[in-house]
Amino acid sequence: MSVRFSDDLGTYEEAIDLGGPRREFLTLLMEALLRSPMFEGVEEKNQNLTLDSKALRDDEYFIAGRAIAVSLVHGGPAPRFLSPTLFTCLVQGPETVKPSLKDVADSDLKDKLEKILRSTSLGELMASTEPLLEFLATAGCLRHLKCLEDKELLVQDILMFQVVHRVRGPFERFRDGLRTLGVLDQIKMYPESFRSLLCHQAEPLTADMVDKLFIIQLSPAGSNRRAAEEVVVPFWRDYLQDVEDEHGPEKLSGILSFATGATEVPPTGFSPNPSIEFIHGPSNLPIANTCVNCLKLPLLQTYSKFKERMDFAIGNTYGFGQE
């Protein structure tokens with residue numbers, strides 16, 4: 001897989017894809033999937049499939065599943081936004097799941113279901129279902145209510161229709177897409193390993209984690225270059241700690257993306273390993289080569305100047321589709 005970016009005129013970015021452009025592309029792709037009309041959810045990171053006729057007609061659900069499979073295999077990020085319900089559907093089959101109210105993105109329907117569950121008498125239950133009669137007929141859930149206990153089964157039937165049965169077609173195409181490169185087979189074989197990638201956020205970056213990711217390439221011991229480089233190494237580590245203390249994991253992710261094109265460590269790791277080199281020249285700004293995961297640091301004499309230059313470079317580097 002090889003990726004090239006171009007501007008609006010079709011002029012290609014001058015970069016050989018050794019991993020950086022590919023990671024940037026796959027990161028953009030996962031972000032686009034989360035924003036697409038194919039997924040819905042009250043919480044951004046707890047998304048289920050929804051029914052979108054255009055996406056179904058254009059077979060975009062299949063493309064979405066394939067995109068996730070390709071990202072996982074080719075060093076891109078994991079999606080990390082699928083709901084546990086959707087993940088269980090993929091691993092064990094739709095007939096095994098038991099959706100809950102948190103899987104319902106339609107706030108009006110959710111309110112009506114909560115009202116049904118709050119019913120304390122048969123009369124109150126029948127009154128709370130009346131606004132849903134047309135929906136119940138469409139969903140195949142219309143039935144004669146004989147006792148108050150029927151409310152639990154009624155709500156569960158509605159949830160199954162809304163979250164599972166209604167999107168059976170999209171689900172099957174999404175599942176077919178995930179079969180690309182054998183990824184779905186691996187998900188079924190190692191569900192707990194993949195659950196953390198598909199359903200849960202990555203562990204927040206820390207200064208220590210970022211520091212350990214980068215291999216520092218120093219000049220030979222005893223050389224003038226080595227002496228200048230050893231002044232900057234503590235600056236780099238102090239800068240990471242200051243960023244963590246002042247801004248937290250989000251800006252640490254920005255530093256990682258500046259150097260590698262990835263905002264988190266990919267499931268398959270980095271290849272090659274991220275490295276730190278030094279600029280022996282007039283430049284006083286850091287330079288990154290995401291193709292080889294290399295961050296080049298300027299040789300400055302004071303930490304305050306180093307921090308200023310790092311903040312300026314990272315804060316004014318707009319990538320990932322921003323303008």
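# A first look at cysteines, helix contacts and unusual backbone spots

Searching the whole structure turns up 0 disulfides. Keep in mind as you read that this is a predicted model. A disulfide is a covalent bond between the sulfur atoms of two cysteines. Why is C89 not in such a bond? Its closest cysteine sulfur belongs to C199 and sits 11 Å away, which is too far for a bond. C291 is in no disulfide either, as the nearest cysteine sulfur, that of C294, is 11 Å away. As for solvent, C89 is buried, with a relative accessible area of 7%, and C291 is buried as well, at 8%.

## The surroundings of C89

C89 is one of the buried residues of helix α4, so let us stay there for a moment. Helix α4 spans residues 84-92 and is mostly covered, with 7 of its 9 residues buried. Besides C89, the buried residues are T85, L86, F87, T88, L90 and V91. What covers them? The cover includes two strands, β1 (39-40) and β2 (48-49). It also includes the helices α8, α9 (168-178), α10 (183-189) and α11 (191-198). Just after α4 comes G93, where phi is positive at about 105°.

## Two helix pairs

Helix α8, part of the cover over α4, also pairs with another helix. The axes of α5 (residues 107-117) and α8 (residues 150-164) come within 9 Å and cross at roughly 160°. That makes α5 roughly antiparallel to α8, and the crossing is left-handed. On the α5 side, the contact is made by L109, L113, I116 and L117. On the α8 side, K151, E152, L154, V155, I158, L159 and Q162 take part. By class, this contact has 8 nonpolar residues, 1 polar and 2 charged. Why might residues spaced along a helix share a face? An α-helix has 3.6 residues a turn, so residues three or four places apart point the same way.

A second pair is formed by α13 (residues 224-246) and α14, whose axes come within 7 Å and cross at roughly 140°. These two helices are therefore oblique to each other. Here W236, Y239, L240, V243 and E244 of α13 meet K251, L252 and I255 of α14. The contact of α13 with α14 has 6 nonpolar residues, no polar ones and 2 charged.

## Backbone spots worth a look

Most residues other than glycine have a negative phi, and most peptide bonds are trans. Which spots go the other way here? Two residues other than glycine with a positive phi are D59 and R80, set out below.

| Residue | Phi | Loop | Relative accessible area |
|---|---|---|---|
| D59 | near 60° | between α2 (53-57) and α3 (60-73) | 26% |
| R80 | near 60° | between α3 and α4 | 9% |

Is each residue buried or exposed in part? D59 is partly exposed, whereas R80 counts as buried. The loop that holds R80 runs between α3 and α4, and α4 is the mostly covered helix described above.

The peptide bond to look at joins S271 and P272: this bond is cis, with omega about 0°. P272 is found in the loop between α14 (249-260) and β4 (275-279). The helix on one side of that loop, α14, is the one whose axis comes within 7 Å of that of α13.

Definitions and conventions:
Residues are numbered from 1 along each chain as its sequence is written. This is a predicted model: local features need pLDDT of at least 70, side-chain atom pairs count only at pLDDT 80 or more; totals for chains, interfaces and linings use all residues. Side-chain values use heavy atoms; hydrogens and water are left out. Axes are lines fitted to C-alpha atoms, for helices over the stretch in contact, and angles run from 0 to 180 degrees between N-to-C directions. Helices (H or I, at least four residues) and strands (E, at least two) are DSSP runs, numbered from the N terminus. Angles under 35 degrees count as roughly parallel, over 145 as roughly antiparallel, 65 to 115 as roughly perpendicular and the rest as oblique. A crossing is left-handed if the near helix is turned anticlockwise from the far one by less than a right angle, and right-handed if clockwise. Contact means heavy atoms within 4.5 Å. Ala, Val, Leu, Ile, Met, Phe, Trp, Tyr, Cys and Pro count as nonpolar, Asp, Glu, Lys and Arg as charged, and the others, Gly among them, as polar. Buried means under 20% relative accessible area, exposed over 50%, partly exposed in between (1.4 Å probe, protein chains only). A disulfide is a pair of cysteine sulfur atoms within 2.5 Å.
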